[in-house]
Amino acid sequence: MNIKTMRFGLLPLIATLLAACGGSGSDGDKPVACVETGAYACKTGATEPLYTFQWAQNYEDSYFKAFPDTFGDGIDLNVEPVHKQGYKGQGVNVLVLDSGVDLHNEDLSPNADFSMSWNFLTKTDDPYPDLSDPDDAPHGTVVAGIIAAAQNEKGVMGIAPLANLGGANFLDGQDQAAAAYGGASWSSKAHVFNASYGGDTEASSYESDLEPGDTAALRGLKKLRDGKGALFIKAAGNSFEHGACGQAAPYYDCTNPANDTGTLESNIITVAALNAKGSASSYSSAGSVVWITGMGGEYGSEGIYGEGAGEDGTDGPTIFSTDIRGCIHGYSNTGANTPFQRGQTERDGKPDNADCDYTYMNGTSAATPTISGVVAVVLSANPDLTWRDMRDILLASARKVDADYIRHIPVGGEMPFGGLMDLNTNLPTETVGGPADIHDGATAIPMDLGWQKNSAGHEHSNWYGFGVPDTEKAVSIALEYKKNPSLSRSGDVLVPEFSPLAYWHENHPPEDEEDYEDLGDANVRSGAFPYKRVTSLGTFKGDAQTVDQLQVRLSGDNVCLGSLGIAAKSPSGTVSLLKLPNDHFKVDGLNEFADYALGSFAFYGEPAQGDWEIFAIAGNPDIPIYVYKRIDGEYKLVESAPCPSADADGFRMLAETRIIAQ
């Protein structure tokens, strides 16, 4: 299967076609204890001309504070307190795998490391982007600046302004994953990898001979940093968009982040996006594999600096950063949307982007480098942290946001995000559901469960993962690890083989199927596939371990994958929605899939021992959906392809499970 990897930054508002706790303070006095030296020692980004627009670092004093329609009730990453202590990413190597990076930008060159860079097209150490694709070319340069733009009284400041910065045009060399993920001399130097890209539109096989992904290379990251493991920070995707799966939009994500098999690896940190109003960015993909949330903003299409609300009131500021130099190439150019991006703005009588070397970008592509920056800052405080330590520290420092989002009604909708979906009509209702509604025989399920506290005391949400990190708290925890190294976890997680849970079939008994002969104690059923209801696929026993992640893997023939959802219930009673029915797979009538996997971190830290139950949530496959698809350069409304009917003759589906243990 050939999978296209996509950048997860969004250009200004093409989505109109598809849609018919406070921050840190000002600079203040230098703290007594300062670990930094030099002209900018322990100073915040207030030294930089465009810092007022960098609300992810300084929400309280942002330029956007004067625009309550698009700004307010949000938070920042609380990074200023640690900048005042002098923790700014020094000694940490960050590699941006993307469309390439213009490391010669005045705000990137002070931190550029060409020995940690590669150009797959020119075979040189200068990762300057290929300019033939104007949409992709600037992407990596923007990402790089969010992480590590220098503190030099020019432009913006990265979250980790002293980190060493490398780049590679990986999106032009996707068949080189082994080299890019630490298998080459240049990439093996990296401590942090930023991956603002993904491929979440396929039902990819996982841990299978059919697998097209890069599982082995991603697992190899654990060997880097002298065995402590490199940190791999990955975008969740931008698929929470109107029109992508018909009736379900705008209520839930139509393309599961877990469709990108990289998000299923425990050492991969998957990032969702928050906007300047303190809620999920309108595009931010949601799913049970999301670990953490960074800052992505909205589209920035209106106003002078992207502060406008737009026609429907949902637009707003995004994330400012570096761009490809000059006003010809890059997101800032003479034909861009806003005066700032056209190089036309002035403040205090001085041009602030005359050469178009700075721009802004949204998407989980922008949110991901905000987390990479935080990770680099934390590593500069304690370089001995392992990849597992870093995940735990991000979790422990995370703040819950948008606490009651399942009761909110989206723009363009009439029902709340957590409303029950009728599995006969595939339509949402106004009644907000909960975990108790997911049981054998139910005919309606909640579209989202919101924030749930598991038995280990961790709160998780499909929209936000464990929340938005507090960098000051994260650094404080990292320093505790430094004082007490016994807190560190250096061992790997335990990854068993998948075990068969259930085999459901009609006219395909397992004894006649070569692929399904060894089912062990799996629950074997025959008869029509159970569409239009929730069905318990069975239970399995967990061992006396602590959960890292639950995974479910599905293989099927003549089964409508787009009508099928999956939920799981732990022995402690925590319920997680791993996949929802009526997603984008229904658009193409996908009815054959092999080793398609899903995962959930909602059970992280819970005891695994006891009975786990897995549920199939099946909508009505006979009701078509109407979606917008890009055809010949235009978005057109099309009807979904037919799926196997509820009374289709002959099908088979295998469900397998495993618990990855801490």
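Where in the structure is the place of arginine 225? In this predicted model, arginine 225 belongs to the loop between α4 (215-220) and β6 (231-235). The legends below begin with that loop.

**Figure 1. Arginine 225 and aspartate 226 in the loop between α4 and β6.** Arginine 225 is not a glycine, yet its phi is positive, at about 55°. Aspartate 226, also not a glycine, has a positive phi of about 55°. Most residues other than glycine have a negative phi. Arginine 225 has a relative accessible area of 10% and is therefore buried, the cut-off being under 20%. Aspartate 226, by contrast, has a relative accessible area of 79% and is exposed, the cut-off being over 50%. Arginine 225 is also one of the residues in contact with leucine 231.

**Figure 2. The largest nonpolar core and the surroundings of leucine 231.** This core contains 89 residues, of which Leu231, Trp291, Met295, Val375 and Leu394 touch the most other members. Helix α5 (residues 364-381) supplies the largest share of the core, 10 residues. Apart from this core lies another, of 41 residues, including Ile566, Leu598, Phe603 and Ile659. In soluble globular proteins, nonpolar side chains tend to be buried together. Beyond its neighbours within four places in sequence, leucine 231 is in contact with His191, Val192, Phe193, Arg225 and Ile269, and also with Val375, Leu379, Trp387 and Met390.

**Figure 3. Serine 380 in helix α5.** With a relative accessibility of 13%, serine 380 counts as buried. A polar atom of the serine 380 side chain lies 3.3 Å from the backbone nitrogen of glycine 89. When neighbours within four places in sequence are left aside, the residues in contact with serine 380 are Tyr87, Lys88, Gly89, Gln90 and Val92.

**Figure 4. Buried helices α2 and α6.** Helix α2 (residues 139-148) is largely enclosed by the rest of the structure, because 10 of its 10 residues are buried. These residues are His139, Gly140, Thr141, Val142, Val143, Ala144, Gly145, Ile146, Ile147 and Ala148. Helix α6 (residues 387-397) is likewise largely enclosed by the rest of the structure, since 10 of its 11 residues are buried. The buried residues of α6 include the charged residues Arg388, Asp389, Arg391 and Asp392. Trp387, Met390, Ile393, Leu394, Leu395 and Ser397 of α6 are buried as well. Two of the residues named here, Trp387 and Met390, are in contact with leucine 231.

**Figure 5. The largest cavity and its lining.** The volume of the largest cavity is about 190 Å³. The cavity is lined by 19 residues, of which Asp253, Asn256, Ala286, Lys579 and Leu580 are the closest to its centre. By class, the lining comprises 10 nonpolar, five polar and four charged residues.

**Figure 6. Serine 563 in the loop between β23 (547-557) and β24 (564-569).** The relative accessible area of serine 563 is 0%, and the residue is buried. Not counting residues up to four places away in sequence, serine 563 touches Tyr531, Pro581, Asn582 and Lys586. Its contacts also include Ile617, Ala618, Gly619, Asn620 and Pro621.

**Figure 7. Lysine 541 in strand β22 (residues 533-542).** Lysine 541 has a relative accessibility of 62% and counts as exposed. Apart from neighbours within four places in sequence, lysine 541 is in contact with Gly610 and Asp611. The side chains of lysine 541 and aspartate 611 make a polar contact at 2.9 Å. Between lysine 541 and threonine 425, the separation is 116 residues in sequence and 35 Å in space, C-alpha to C-alpha.

**Figure 8. Methionine 415 in the loop between β13 (398-399) and β14 (419-422).** Leaving aside neighbours within four places in sequence, methionine 415 is in contact with Tyr251, His408, Ile409 and Pro410. Further contacts of methionine 415 are with Pro428, Thr429 and Glu430. Aspartate 437 is 22 residues from methionine 415 in sequence, and their C-alpha atoms are 17 Å apart in space.

Definitions and conventions
Residues are numbered from 1 along each chain as its sequence is written. This is a predicted model: local features need pLDDT of at least 70, side-chain atom pairs count only at pLDDT 80 or more; totals for chains, interfaces and linings use all residues. Side-chain values use heavy atoms; hydrogens and water are left out. Helices (H or I, at least four residues) and strands (E, at least two) are DSSP runs, numbered from the N terminus. Contact means heavy atoms within 4.5 Å. Buried means under 20% relative accessible area, exposed over 50%, partly exposed in between (1.4 Å probe, protein chains only). On a 1 Å grid over the protein atoms alone, a cavity is a set of points where a 1.4 Å probe fits but cannot get out, and a pocket is an open set with protein on both sides within 12 Å along at least five of seven lines; lining residues have an atom within 4 Å of a point. Grid points are joined across faces, edges and corners, and a volume is the space filled by probe spheres set on the points. A nonpolar core is a set of buried Ala, Val, Leu, Ile, Met, Phe, Trp, Tyr and Cys residues joined through side-chain atoms within 4.5 Å. A polar contact is a pair of N or O atoms within 3.5 Å; within protein, one must be able to donate a hydrogen and the other to accept it, and residues adjacent in sequence count only if both atoms are side-chain atoms.
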